[in-house]
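Trainee: I'd like to go through this one with you, contact by contact. Can we start once it's up on the screen?

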2 protein chains.
Amino acid sequence: MKDVAGMEIPGFDDVLAAEARIRPYIHRTPVLTSSHLNALTGAELFFKCENFQKAGAFKVRGACNAVFGLDEAQAARGVATHSSGNHALSLAYAAGRRGIPCHVVMPHTAPEAKKEAVRGYGGVITECEPSTSSREAVFAGVATRTGAEFVHPYNDPRVIAGQATCSRELLEQVEGLDTVIAPIGGGGMVSGTCLTVSSIAPGVDVFAAEPKAADDAFRSLRAGHIIADDAPETVADGLKVPLKDLTWHFVSRHVTDILTAEEDQIIAAMKLVWKRMKIVMEPSSAVPLAVILANPGLFRGRRIGVVVTGGNVDLDRLPWMKG
Amino acid sequence: MKDVAGMEIPGFDDVLAAEARIRPYIHRTPVLTSSHLNALTGAELFFKCENFQKAGAFKVRGACNAVFGLDEAQAARGVATHSSGNHALSLAYAAGRRGIPCHVVMPHTAPEAKKEAVRGYGGVITECEPSTSSREAVFAGVATRTGAEFVHPYNDPRVIAGQATCSRELLEQVEGLDTVIAPIGGGGMVSGTCLTVSSIAPGVDVFAAEPKAADDAFRSLRAGHIIADDAPETVADGLKVPLKDLTWHFVSRHVTDILTAEEDQIIAAMKLVWKRMKIVMEPSSAVPLAVILANPGLFRGRRIGVVVTGGNVDLDRLPWMKG
């Protein structure tokens, strides 16, 4: 780690430490290919399948790195976060594996299935109102009462070092990649990818893919500073959150470009992968393929690692079945 | 091959020949595990993922073995079959790879998506009325006109030898299996499994899993002769067809038992796999897990190879969304 302007910036040594630390608790996920999608895009696509990861998403890498890096005294007080998505699930999984408490603050309006999944991994849920002020107040109360360690979903050097192990594996699994593309929301996965790629494969382009309907990272990169939108609406519900200082550090320095896709392109790409590759991926995970299909000239002939970030979807409400 | 009562019975030498013949055209599919499903069943389950196979199903193994085993003169006249399912798709794929014609007789009522998929692989469709008499008459006309070689979906020694390569791979990929379980319809996959297992791993149990709503193989095994039902209705639409003499040969001699599952158990098992394993499997492929979940005492403690036969489903009509 090096300290820059008050932030701890994780380095590649932190990635190697994370890799060793989390290995017993995560899957080395497979890389799948599809001759149909290669023919369709004119590129060679290598899908890094974090949808097959423990707890169903890459987020378990960062969560495990944070949880298993705690000293005994900190660990005994547990960990805490506010999230209704994959980070909550992953942190509960990681804490469960270490046998320590995990507190999750979640709006009472969150889907029952998500609450059950967190509880299934042993997480303790404290409900709040669906507003930022209520969430912050309730979370502060939980933190004070329990002394639990806050693990932010992405703006945390331990989390970014953990996510960086994904592209480290990908670069080992596939020789000669010239491009990696991942979805961007808060920027945790993209930051981890930038950290690994800039350290061990600096000639490889890193593209970030974002829903047009929640394109705050796209606009941030062009503006040269973080732009945070207020609750954008997109089918890619993992990508609604804004960049923060630590992820901005990596994104602004190392990302080749951020490209966007329309909602219908995201849904079509998701369905195409389900149909042709026979894997269940989240809408967020389909944004990179949507972007590749929408920009054929840019990606043709490239050898591209595509990060499939997760597979946690509500099978009763698939986006192509709405309306 | 040995000839028994007028039938050519494939032997293990035919399986080895098939393996060498089809290798360039098929995937060696991965084997996936799920700690959640292991905990739920008390067994160790190894899912052989033929849903990731070329054309989306194991049927491409038998189809490729038939197509690439033809001599040049036969091959020039092409191949033909009647099927509206995975066999038609697979035969079209195989013929396309060899560059020979493939004729498929299909009822005009078959879903447009299935017709498009066959045409997508270069198959030529001749439509018939949705009745057995029309299908047979139209097929006879096509066969006479083209001189194409008929490749039956399962009652064909070349097809069974091809399907047998699947469990051959599975036994190589997973050490110490004591059980293999596969769905049974016409019995092609189960016959191939019996052929391989009885030849190289005779201590391993072979179970067949069948929908209760189409349990003709179950009743055949108990009666000691083939019972063929007239068009049974089940969500597992790949399993409606009856045993024939060649598959009965293997099933009656080598299957440990046939077990059945209710429709709601099949749908629940399918959804469970999608949700937990993040893979798209057909209803037919879910019958083995449904049977394992319905018979916990029988399977607990076993180390089980589970054949996931295919992943070709209509994503707009998922069975848990009906009604």
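Mentor: Let's fix one term before the questions: a polar contact is a pair of N or O atoms within 3.5 Å, and within protein one must be able to donate a hydrogen and the other to accept it. Also keep in mind that this is a predicted model.

Trainee: With that rule, how many residue pairs are in polar contact across the interface of chain A and chain B?

Mentor: The contact itself takes 23 residues from chain A and 23 residues from chain B. Applying the rule across that interface, with both residues at pLDDT 80 or more, the number of pairs in polar contact is 12.

Trainee: Which helix gives the most to the side of chain A that touches chain B?

Mentor: Go by how many residues an element puts into that side. Five of them come from one helix, residues 263-277 of chain A, and that is α12.

Trainee: What area is buried between chain A and chain B?

Mentor: Carbon and sulfur atoms give 60% of it. In chain A, the residues that lose the most area to chain B are A:K278, A:L315 and A:M321, together 37% of what that side buries. The area for the pair of chains is about 1,800 Å².

Trainee: How is chain A related to chain B, as a turn and a shift?

Mentor: Chain A can be laid on chain B with an RMSD of 0.0 Å. That takes a turn of 180° and a shift of 0.0 Å along the axis, which means the relation is that of a two-fold axis.

Trainee: And in chain A, which C-alpha is nearest the axis?

Mentor: Look for the one 2.2 Å from it: the C-alpha of A:I279. As for the contact, the same surface serves both copies, since the contact residues of chain A recur in chain B at 100%.

Trainee: Your last answer drifted past the residue! Next: which residue of chain B forms a salt bridge with A:K271?

Mentor: Fair point. The count between chain A and chain B is two salt bridges. In the one with A:K271, the closest N and O atoms are 2.8 Å apart, and the partner is B:D316.

Trainee: Inside chain B, how many residues apart are B:R222 and B:D257?

Mentor: Their side chains meet in a salt bridge, 3.1 Å from N to O. B:R222 sits in helix α10 and B:D257 in strand β11, so the pair links distant parts of the chain, at a separation of 35 residues.

Trainee: In the salt bridge of A:R219 and A:D215, which residue is buried?

Mentor: The closest N and O atoms of that pair are 2.9 Å apart. The cut-off for buried is under 20% relative accessible area. A:R219 has 29%, so it is partly exposed; at 9%, the buried one is A:D215.

Trainee: How many disulfides does a search of the whole structure find?

Mentor: A disulfide needs two cysteine sulfur atoms within 2.5 Å. The nearest cysteine sulfur to that of A:C64 is 11 Å away, in A:C102. The sulfur of A:C128 is 15 Å from its closest one, also in A:C102, so that is too far for a bond. Over all chains, the total is zero.

Trainee: Last one: which strands of chain B do the buried residues of α11(B) pack against?

Mentor: Those buried residues include B:W248 and B:F250. They pack against helices α8, α9 and α10 of chain B. The strands are β2 and β11.

Note on methods: Residues are numbered from 1 along each chain as its sequence is written. Chains are lettered from A and ligands numbered from 1 in the order in which they are written. This is a predicted model: local features need pLDDT of at least 70, side-chain atom pairs count only at pLDDT 80 or more; totals for chains, interfaces and linings use all residues. Side-chain values use heavy atoms; hydrogens and water are left out. Copies are superposed by least squares on the C-alpha atoms of residues with pLDDT of at least 70 in both. Contact means heavy atoms within 4.5 Å. Buried means under 20% relative accessible area, exposed over 50%, partly exposed in between (1.4 Å probe, protein chains only). Helices (H or I, at least four residues) and strands (E, at least two) are DSSP runs, numbered from the N terminus. Buried area is the accessible area (1.4 Å probe) that two parts lose on being put together, summed over both. A salt bridge is a side-chain nitrogen of Lys or Arg within 4 Å of a carboxyl oxygen of Asp or Glu. A polar contact is a pair of N or O atoms within 3.5 Å; within protein, one must be able to donate a hydrogen and the other to accept it, and residues adjacent in sequence count only if both atoms are side-chain atoms.
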